[in-house]
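User: I'm new to this structure and would like a close look at a single part of it. Could you walk me through it in plain words?

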Amino acid sequence: MLSNSKTRKLFVVTPCYYDSDSVSQIIDEYSRKHESVGWSHCNVLVVDNTGGLDKDVLKLNGKQRKNTYVEVQSTKFQSGHQHAIVSGLMYIKNKVKDGDVVITMDSDGEDKVEDGLLMSSKCRESQGTLVIAQRRRRHVSLSFRIGYRIFQILFKLLTGVRYRSGNFAAMNISILNQIVSNPNSFITYGGTLITLKNTIFMKFDRGKRQYGKSKMNLTSLISHGLISLVPQSARIASRMFMVFICTVFVAVTSLMVSLYIRLYTDLVAPIWTTVFFFGVLSLSGVAFLAFLLCLTILVL
């Protein structure tokens, strides 16, 4: 049974890595605006991802502002923002009731509070549905934009699924329970979200970072992309096995045709046929190694 509309709560989980000023601004905005979209209370959980070293963000613990309660939980070590988000979800899972909605978002200002409130309303209207923010425009460098586009293309080729996930999402208790019970969540929160069904994507422009510089760089992007593939291991394994079978068939067929031409005809097989044979055979070997790697991940 759904909770009374007058007591439905909005939960916000946001990781923080030396971004206390941005977090304070997010808290202020939620305290001013959450009632305008029908939430009686707002609980903001800040996951301090410095392992308790950021004394400024710890000062926010226990603050109350207009039906908004703030709690700060520190991770035991700096573990990455996606792991921090899932740690926060684990912490609040027993506090969330039917009718409540949980928002996960970054704390640097690029995920906007007004967009989060729109997502929470959409999630409340569509029970059992996950709402994910899909970016229309980003305030990032050209090199980052190109790298991210390449990653999306490779992800589509390897998995057959379009990657359009992120940390900015809204969910109810059923989706929350699916996430915290999924072992892949601690490895890649965003990668786990796109494996869930009944998902609605809402398009928003990405906001600008409020303070400091982004900690995302090319190395982080590559790392993020690689771990996002882990929940898709079964898909990748099946696709790589099909590539392996097809390339082996093509290689064997081309070899037999080449041998037939040399042994039973007066024609001279062009040199490119040998190059083609070894090229296809190499591709087959790569596909088989990728298949074994994905199979190992699935077994582990």
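User: Let's start from one residue and then move into the sheet beside it. Is N198 buried, partly exposed or exposed, and what is its relative accessibility?

Analyst: Happy to help! One thing to keep in mind from the start is that this is a predicted model.

N198 counts as exposed, because its relative accessibility is 56%, and the cut-off for exposed is over 50%. You can find N198 in the loop between α7 (189–193) and β7. Its backbone has a feature worth a look as well: phi is positive, at about 55°, although N198 is not a glycine.

Another residue invites a side-by-side reading. Y18 also has a positive phi, near 55°, and is likewise a residue other than glycine. Y18 sits in the loop between β1 (9–16) and α1. With a relative accessibility of 43%, Y18 counts as partly exposed.

From N198, let's step into the sheet. Seven strands make up an open sheet with mixed pairing, and their order is β3-β2-β1-β4-β6-β5-β7. The strands at the edges are β3 (68–74) and β7 (199–204); each has a single partner strand, so one side of each is left without a neighbour in the sheet. On average, neighbouring strands here are turned by 20° against each other, with direction ignored. As a general point, strands of a sheet pair through backbone hydrogen bonds, either parallel or antiparallel.

Strand β5 shows both kinds of pairing. Its residues are 130–135. On one hand, β5 runs parallel to β7, and six bridges join the two. Within this pairing, V131 stands opposite I200 in β7. On the other hand, β5 runs antiparallel to β6, with two bridges between them. Here I132 has A169 of β6 as its bridge partner.

How covered is β5? Six of its six residues are buried. In a regular strand, side chains alternate between the two faces of the sheet. In β5, L130, I132 and Q134 point one way, while V131, A133 and R135 point the other way, and all are buried. V131 makes a good example to pick out in the viewer. It lies in strand β5, and its relative accessibility of 0% is why V131 counts as buried. If you want a feel for distances, look for I261 too: it is 130 residues from V131 along the chain, and the C-alpha atoms of V131 and I261 are separated by 60 Å.

Moving along the sheet from β5, we come to β6 and then β4. Strand β4 (residues 101–104) and strand β6 (residues 169–171) run antiparallel and are joined by three bridges. One residue pair to look for is V102 with M171, its bridge partner in β6.

Now let's turn to the helices, starting with α3. Helix α3 covers residues 81–92, which makes 12 residues, and from its first C-alpha to its last it reaches 17 Å, close to the 16 Å expected at 1.5 Å a residue. Its buried residues are Q82, A84, I85, V86, G88, L89 and I92. An α-helix has 3.6 residues a turn, so residues three or four places apart point the same way.

Next come two helix pairs. Two packed helices are described by the angle between their axes and the distance between the axes. Helix α1 (residues 20–33) packs against helix α4 (residues 113–125) at an angle of about 45°, with the axes 10 Å apart. The two are therefore oblique to each other, and their crossing is right-handed.

The other pair is helix α9 (residues 233–264) with helix α10 (residues 272–299), which pack at an angle of about 155° with axes 8 Å apart. That makes α9 roughly antiparallel to α10. The residues of this contact divide into 23 nonpolar, seven polar and one charged. As for handedness, α9 passes α10 in a left-handed crossing.

To finish, find I297, which has its place in helix α10. Because its relative accessibility is 34%, I297 counts as partly exposed. I297 and A237 are 60 residues apart along the chain, and their C-alpha atoms are separated by 9.8 Å.

Terms used:
Residues are numbered from 1 along each chain as its sequence is written. This is a predicted model: local features need pLDDT of at least 70, side-chain atom pairs count only at pLDDT 80 or more; totals for chains, interfaces and linings use all residues. Side-chain values use heavy atoms; hydrogens and water are left out. Helices (H or I, at least four residues) and strands (E, at least two) are DSSP runs, numbered from the N terminus. The expected span of a helix is 1.5 Å times one less than its number of residues. Buried means under 20% relative accessible area, exposed over 50%, partly exposed in between (1.4 Å probe, protein chains only). Two strands pair if DSSP finds at least two bridges between them. Axes are lines fitted to C-alpha atoms, for helices over the stretch in contact, and angles run from 0 to 180 degrees between N-to-C directions. Angles under 35 degrees count as roughly parallel, over 145 as roughly antiparallel, 65 to 115 as roughly perpendicular and the rest as oblique. A crossing is left-handed if the near helix is turned anticlockwise from the far one by less than a right angle, and right-handed if clockwise. Ala, Val, Leu, Ile, Met, Phe, Trp, Tyr, Cys and Pro count as nonpolar, Asp, Glu, Lys and Arg as charged, and the others, Gly among them, as polar.
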